[in-house]
Structure formats: structure tokens, C-alpha cells
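Let's take a walk through this structure together, one piece at a time. Have the sequence and the 3D view open as you read.

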Amino acid sequence: MMDAGRHPNIKLLTYSEVADVSGYVGNFKVTVRQKARYVDATLCNACGECEKVCPATHPDEFQMGLSTRRAVYLPFPQAVPSAYLLDMETCLGTNPIACGKCAEVCEKQAIDYDDQDELTVIEVGAIVVATGMDVYDPTALDEYGYTRYENVITSMEFERLICAGGPTIGHLIRPSDQKTPMRIGFIQCVGSRSLRDGAGYCSNICCMNTVKDTLLIRDHYPAAECSVFYIDIRAFGKGFEDLYDKSREAGVKYIRGIPGEISEIDGGNLRLIVENTTEQRMETHEFDMIVLSVGVRPRSDDASIRRLLTLSTTAEGWLMESHPKLKPVDAPTKGVYIAGCTESPKDVKDSVTQAGAAAARVGALLNAGKVTVESITCHIDQEICNACGLCVDICPYGALSADKKAKIKASVVDAACAGCGTCGATCPQGAITMRHFTDAQIIAQVDALLAEKSEEKVIVFACNWCSYAGGDTAGISRMQYAASCRLIRTMCSGRIDEDFVLRAFREGAPVVLVSGCHFADCHYIDANRQTVKRLYRLWKYLEKRDIRPERLQLEWISAAEGPKFQKTMNQMEELRQTVTAEEIAHTVEVLAKEEEKKRARRAKQAQQRQSAETEVPAG
Amino acid sequence: MTTELPRIGVFICDCGSNIAGAVDTQAVTDYAATLPGVVASIRNKYTCAEPGQQEIKNAIVAQKLERVVVASCSPRMHEPTFRGCVWDVGMNPYLMEMANLREHCSWVHGDNPKAATAKAKDLVASAVARVARLQPQDEMSFPVTKAALVIGGGIAGIQAAMDLADQGHKVYLVEKEPSIGGIMAQLDKTYPTMDCSI
Amino acid sequence: MVEPWNWKCMRCGHDYVEEYDPKAAMTERSCPECRSNSVRPIESVAKAKAKS
């Protein structure tokens, strides 16, 4: 920590949040909001005189609320930067009449009541997201009585109680009477491996943390008895089993079974009922204190970072990596890397390892000195563009510009274009070509897939990042589903032109599915909103022509949702079986006529354009 | 597009038994040979392995291939591999297309080899139709700002920042709380070494 | 303007009413019955009433 604070290459921006991110791999522009500390960190020498005179108190967050701090405070003794800050919500008031004592005693004159949030813009080539996790709050688990019984505490609170830097200077006491508990119970998997409160996963760290805690107790208080209630003890890492053995050798009892209920008995003591699944009997145990070994949860407050960096999460809320095995620290957004518990629950060693991997990946990018961007951007045919400006309105990146009034035709900034293709699908003139995902290329795929036995097939348009990747996830998990689906990949569902869908129906497809990312996951900010608008129009279009609109389906499937992909493909097959040969024949006929009409209209327009040009007098 | 089709080579991967276990890869290879523009259709045990890639390179040179279809796994997995492979012998990487016979076919229709083979043929036909219309593209390069941002000053963020700073890069470490340290700083001792966390 | 609209699920056929503003930023929607995203705004409840 200290090393990071004094490293000449590291600029610390604490008490700060990322407010905005623009740009792309290699060239990000990041706005950071540094919150007002009201104490100038460069002047403060942490003498602590201000704290001594501050009359206002607040539960100390660092000590898990087990003690109090002042309104002006140092977060903890080893804090980096080693500087105080003033919590304005707790402060009595900066008006000297109200208080103002801290400013009076500060020799360095570091206290500035008028301090304000500061915005800093920094330019970076790469970003590492290491936003961490939340610790589970077990209040909702009524059977354990956390917050109702004083002597039921969480493992985080235990950490502070056993720590020499904690509120009790390392003396383990129980909250109700400040006596040292001699019978301590630990309950494992609190908030983990239970679907009841939405976390089916193993939190990874809690078993070994409890093993460690029991050893600390036995070390400090050899007479104290410890019992651990568990489902399995997952001591899978290097040196872990050894530590678990030591704990058992030290006399810690491990009882397989998760308690059903805790109740308070006389004097703050606790009674616990458990089904001992090894002995196959119900047991009652009494303790002086019970520690809930709480699991971890994805951070609840990093939604804005996820949005700014277009990162997606698993169903549980952990950040998605580019590939679970081959690109475990690359985020799907280029130039963004992930490390630590934001990716999944992990211990210190694994966090350090992953951080090193992320740093190496960033280093590879920065050392290369240049970044090559895939050539999938849009190209505007100036001959055809009529400066209508529709593309400008829908481009999620503001990469396009045009002026309808001044008749300035559309143009694109290549570096800003991410290649979603939404403009290509929107342009009514067909003036926009998406490099590597042209209309002709996609239509050729539709035609090839429907060349034979079209009535047996479901055409699925899938976006590269989510629904296509969801299909990959289903594959990796060997989820079996109906074989009728035929996928066509585009970068974004926003690329899917109404004409592609109609082409598929015209070529005899019984069912067409358009799929993409969930709104929060869209890799092109909000390009898939255009997909929805197109679907609304298409449903109306089909209905008007007496074509069953239900044959066109829409589904958002994330890269992690293998099961949803599987379910959807099976549903599409069920739907396909309801589509009759007559229906298909009717659709083909109706849409073929529409196509003829459209062609005639286009030809006429082209003719008009040509004659208008020739009529313009020269000069 | 010119009426004359480019010379297309199709490379069908067995992926050991990953694909060949469910898909009749020989039937797909034979079928691919009949598709418009296809002048070479070659089956391989592992296309991504060195001999498999070498076979693609040899065929590009010997058969004067102008387009390549690799029918193997997900492009999300190996597109960069095969783009690099064709580039090695001078073909524009954007003239290579993949058909996903593994994640989207053999692995998910293993219980129905007949349907899996039919689907595999379609996926190859689709890729061949697409590859015939692909155009060479030049990738754009941009300079990289030699600095990094690390969001979060817990143990992972601190470590990433230190490793980058030690490599000589400028690092901005942004932490929401007034001090770095994160949850780790609140822990007393950490397993398995039982040492202090700070 | 946000107002109640009649919605129809294109997957399971479920008809239901939900607030919608065609001009506002879109939100992700799914059928309250089958969770499918194939849901479609038919017309505003007010408009439907005026018709009948």
C-alpha cells in the first residue's frame, strides 16, 4: 500500500470516481471526479490535533461500526494517503459559531471548508477494472437473528475484533457484555451456495477464512472451544489442507450440517439447532458467540463503470471476461482489463495473480505503442447520400456528421466508428456500406442457408458479443437443442436491416429470430434500441400483409446465458412446426410482389435523379 | 461483384472427435467441393495445429486460392489464428471466413448426427457464399497513449498499478474511498500464511 | 407521453397493459407471463377505448 503511495509512476486519486469515459482502445479520455475532502491532503501531516477537538461522532466504517470516529478523521492508521478528511454530513457546521474547532487547531491550515469536488481529465491507453466486491449482509436471514441477537456477528466484524488495530486492540470480546467468549460457533456458507437468496455460487474464501479464524482464536485463547458448521470444507489451494489439518489438530470441531435456527438464551448466550448429517441426528449446541461466515456479492455500486465501459456481467453479476480460459483478464471492450473480485470471488493470492496478469496484458498493449483497429467501419457513398441525417441521429458514438439544411452529406470519423452497423441498417438510401458486413454478404448467407429445405430451418440473426457468444457458451456446456436453427453473425443486432428479415421470409423461412445483447450489455452503447424499433415496424408490416407476425421473434441473450440460448432455440423449433406450407407459400408470394413494387419504385427514383441532373444548366 | 467467382478453399476440421464425433466431416468435405467457387476442399484432424495451418498455407500457394473458409470452431475463438495463418502467405486476413461447426453444431447436436451433419453443410455453404463476396480490408493503426488507469485501490488494483508502474508506465489509480487498501486492509491476518494484511 | 399501452407477447400470446412512451428512451421489456423479449406495443389504452 505504502509502496503504491510513493511510487513515482503512480498518481493516486483517492476519494474519486470515474465520471465519464470516451475514446477507444489506446486512446481513452477519462474524467475523474475527486470528491471534496475539506482537508488538503498535500498539507495534512496527520498530526491528529483536529480529531482531538472534533465533537461530532459517527460509526467507524473501517471498524465495521464497532467503534466511532470523529467527523474529521483518518480512515485507518495506515491509510494511504496518510491524510485526514472531513465528513461534512457528520460535521456540526463550518460556521465558526456552530463549531470550526478543527480549523482553529490545524497548524498547517490544511482545513478548507469551501473545498469543492474537482474534475480531472486524464488520457490513458488502457483501463484495469478492479472494483472489488461487497460483503454479504446476512440481516435478511431471519433464522440466524443477525442484528436481533447482539452476539451473532459476521466474519468481517470478527476480523476487526481479533485485530490488534481493531477497536478492542485485539482482545476478543462479545458485544453484549464485553466478556471474552469461550464457546464460539462458526456457520459457513452464509449467503453462498443457496438459491433461496439468489447466490448459488461458492464464495471461495469463507472456508479458509474460518479455518484461519479458528487458528487465531486457539492461538490467542487456548481454552476457547470452536465449532464450525459446514456443507463441505473447500480447502483446495496450496497449503490449505495443511491449515485445515492444523485447525482440527488444535481441537476445533467440524460438524457437517447447516444450522436451521439460532435462538437467544439466558445472558446473551445462543442456542443453535442443527442436523448433523454425518451422525444423522438433530443436535443442539450452545455458544457464547456465533460468527456468520458471510459470502461475497458483486459490487452494487459499479453500474456506472459497467455502463461507461460497456462491460457485461454473468447472471449473478460478476464481470464477464472475453474468454473464460484463453482471455480471462481481458474485458470484451478492447483496451479494458479486469482483476480481482469484480470478476469472481477470490482470495488475496488469486487477486494478486490476476492483477499481475492484467498488468502484463496492459503492458503488452502500451509497449506495442500502436493499436490496430478491425476494419469493420462504415463507408458512405457520397453519390447516393441525400444528407437526410438519419444516420447521425442514431450513431451511438457520434461518429457521423451531416447537415440536412445545408445539404452537407454524411461523413464519418473512422477512429470513432466502432462498426456496429446501425447506420448501415438505417440508411433509407442504401448509401452506407459496412466494411466486412455488407448487405450483399449477409444476403448471400441468408440465400445459401435457405437454398434447400427452407421450410425446415429457423434463421437466427445473432450479435457477435452476446447472443452468438451465448450460443458458444451453450456449446462449451454441451447443452443439446433442436438443430433447425441457422445463425448469421453480425457485430450488433443494430446491423440487422429490415430487408434481411424480409429476404429470409421471401426465401421461404418459416421463422426468423433476431437476437442481441440485453440492454445493459449492448457493446455499442445503445445501438440495439434501433433493433427493437425495427422489430416493431416489421411486425406491423407483416401483419398488414396477412403474414403471421409471430413468425418473427426477438430475444436478448447474454454471453453467459447458455441455458436461455438453448431454451430459445427449442422454442423456435416448436414455433417452426406450427408454420404450414400454405403459410410459407403465401408469404413468399406476397413478399415477392412487394419486392417487385420496390424495385420499380427505385428504378423510377433513379431515373428522376438522372433527368434532374441533366436538366441542371451548366455553370 | 464480378460474375467470375474467386477461387475458394474450404478446410474442414475434425477437432479430434470434438466435431467428427457428431458431424460426418467427410460428407461435409465432399459437399463443400460441390459449392460454387470451391476449388479445394480439405479435411483435417486439427486445423488450428501447426500441420493444419501449414496445409492451409500450402493450398493457398499451390492452388492459387483467393478466399479461405475454415470450418472448425467459433470465430470468437480462432478467427485471429486463421487470419494470421492466411496473412503469413500474403492473403488479406479479411478474406478468411469461419464456419462454427463445433460450439454451434457438433457440441450441441451430438444426439442427432444426421441433423448435425445437415446443419454443418448449411453453415459451410453460408460461409462459402459469404467469403466469395468478401473484400480485402486494410486495418487502421492508431498510436497508444502510454499510460493506464486502474479503477479500484484494493489488493488487485494496487498490485496491477504497481506492476505497471514498475514496467515504467504512468498509472492513475482511482479509489472511491479516502484511502486505498480496500477490503483487504480490514482483514487481520490472511491465509494460508497467517500474516498481516497491511 | 408515458401512458398505459396494450402489449402483446409474440411468443405466448399474452395480452397485457404496460406504460410506454414511443418517444422516450427505450427500456428492456419482457412478457410478464413467459419472460420472452418478443413483446410488442399494439396501441395506447386510451386510443383503443376511443375506438370502441
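**From a strand pair to the domains**

A good place to begin is A:Glu275, which stands opposite A:Met282 in β17(A). Keep in mind that this is a predicted model. The strand β17 of chain A covers residues 281-287, and seven bridges join β17(A) to β16(A), the two running antiparallel. Together β16(A) and β17(A) make a hairpin with four residues between the strands. In that turn, A:Gln280 has a positive phi of about 55°.

Now follow β16(A) itself, which spans residues 270-276. Which of its residues lie on the covered face? They are A:Leu270, A:Leu272, A:Val274 and A:Asn276. The uncovered face carries A:Arg271, A:Ile273 and A:Glu275, and here we meet again the residue that stands opposite A:Met282.

β16(A) has another hairpin partner to look at. Strand β15 of chain A, residues 261-264, pairs with β16(A) in the antiparallel sense over four bridges. One contact to find on screen is A:Glu264, whose bridge partner in β16(A) is A:Leu270. Five residues lie between β15(A) and β16(A) in this hairpin, and A:Gly267 in the turn has a positive phi of about 65°.

Let's move over to chain C. Here you will find an open sheet of three strands in the order β2-β1-β3, with antiparallel pairing. β2 (15-20) and β3 (39-44) of chain C stand at the edges with a single partner strand each, so one side of each has no neighbour in the sheet. Neighbouring strands of this sheet are turned by 40° against each other on average, direction ignored. Strand β1 of chain C, residues 3-9, is joined to β2(C) by six bridges and runs antiparallel to β2(C). Within that pairing, C:Trp5 has C:Glu18 as its bridge partner in β2(C). A helix from chain A packs on the sheet: α14 (residues 528-544) touches β1, β2 and β3 of chain C. The direction of α14 makes about 75° with that of β3(C).

Finally, step back to chain A as a set of domains. The assignment gives domain 1 (2-133), domain 2 (135-297), domain 3 (304-368) and domain 4 (452-523 + 535-619). How do domain 1 and domain 3 of chain A meet? Their centres, taken over C-alpha atoms, are separated by 27 Å, and 15 residues of domain 1 are in contact with 18 residues of domain 3. The area buried between these two domains is about 1,300 Å², with carbon and sulfur atoms giving 75% of that area. Across this interface the rule finds zero salt bridges.

Terms used
Residues are numbered from 1 along each chain as its sequence is written. Chains are lettered from A and ligands numbered from 1 in the order in which they are written. This is a predicted model: local features need pLDDT of at least 70, side-chain atom pairs count only at pLDDT 80 or more; totals for chains, interfaces and linings use all residues. Side-chain values use heavy atoms; hydrogens and water are left out. Buried means under 20% relative accessible area, exposed over 50%, partly exposed in between (1.4 Å probe, protein chains only). Two strands pair if DSSP finds at least two bridges between them. Axes are lines fitted to C-alpha atoms, for helices over the stretch in contact, and angles run from 0 to 180 degrees between N-to-C directions. Contact means heavy atoms within 4.5 Å. Domain bounds come from an automatic or database domain assignment. Buried area is the accessible area (1.4 Å probe) that two parts lose on being put together, summed over both. A salt bridge is a side-chain nitrogen of Lys or Arg within 4 Å of a carboxyl oxygen of Asp or Glu.
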